[in-house]
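The following exercises concern one protein chain. Please study the sequence and the structure, attempt each task, and then compare the result with the worked solution.

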Amino acid sequence: MSQAKVDRYKKEKENRKKLMRKQKMMGIVRKGVVAVIAMALIGWLGYSAYDMHESNKERAVTEVNYDSITDYLNGFSSAE
């Protein structure tokens, strides 16, 4: 081994704890980011499926008869 390789190895060995701690933190951050993305994807897919399910249901239709209101308003215009 050349002296440069020996010096580089000693320097890496000195920083090994720091490098391992940094790699461990990066692994935790990656897992966290993947978990957040997975939760967002699952939530979005769940909402989309629920929305599609709700849109396929029949909705109650209510009809409003405005004849009484029209008669009431016409009563004002004819009273003048």
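**Exercise 1. Secondary structure**

Determine how many helices and strands the protein chain has, and in what order its elements run.

Solution. The model examined here is predicted. A count of the elements gives three helices and zero strands. Read from the N terminus on, the order is α-α-α.

**Exercise 2. Overall form**

Decide whether the protein chain is more spread out than a compact globule or not, using its radius of gyration.

Solution. Step one is to take the radius of gyration of the protein chain, which is 36 Å. Step two is to find the value that the globule rule gives for 80 residues, namely 12 Å. Step three is the comparison: 36 Å is well over 12 Å, so the protein chain is more spread out than a compact globule. The spans of the C-alpha trace along its principal axes may be added, at about 110 × 35 × 15 Å. For one pair of residues, K13 and I37, the C-alpha atoms are separated by 36 Å, with these positions 24 residues apart along the chain.

**Exercise 3. Burial and surface**

State what percentage of the residues of the protein chain count as buried, and classify K13, R21 and Y72 by relative accessibility.

Solution. Buried means under 20% relative accessible area, and exposed means over 50%. Of the 80 residues, 0% count as buried. K13, which is found in helix α1 (residues 3–14), has 49% relative accessibility and therefore counts as partly exposed. R21 belongs to helix α2 (residues 16–56); its value is 54%, so R21 counts as exposed. Y72 lies in helix α3 (residues 67–79) and is exposed, because its relative accessible area is 55%. For the protein chain as a whole, the accessible surface comes to about 8,300 Å², and 61% of this belongs to carbon and sulfur atoms.

**Exercise 4. Charge and patches**

Find how many positive and negative side chains the protein chain has, and which residues form a patch of positive charge and a nonpolar patch on the surface.

Solution. The count gives 15 positive and 10 negative side chains. The centres of these two sets lie 41 Å apart. On the surface, K17, K18, R21 and K22 gather in a patch of positive charge. The nonpolar patch is formed by V64, Y66, I69, Y72, L73 and F76, which together have about 680 Å² of accessible area.

Methods:
Residues numbered from 1 in each chain as written. Predicted model: local features only at pLDDT ≥ 70, side-chain atom pairs only at ≥ 80, totals over all residues. Heavy atoms only, no water. Helix = DSSP H or I, 4+ residues; strand = E, 2+ residues; numbered from the N terminus. Rg over C-alpha atoms; globule rule 2.2 N^0.38 Å. Buried < 20%, exposed > 50% of the residue type's maximum accessible area, 1.4 Å probe, protein only. Areas by Shrake-Rupley, 256 points an atom, 1.4 Å probe, with all protein chains shown as cover. Lys, Arg positive; Asp, Glu negative; His and termini not counted. Charge placed at Lys NZ, Arg CZ, Asp CG, Glu CD. Patch = residues over 30% accessible without salt bridge, like charges linked within 9 Å, V, L, I, M, F, W, Y side chains within 5 Å. Salt bridge = Lys/Arg side-chain N within 4 Å of Asp/Glu carboxyl O.
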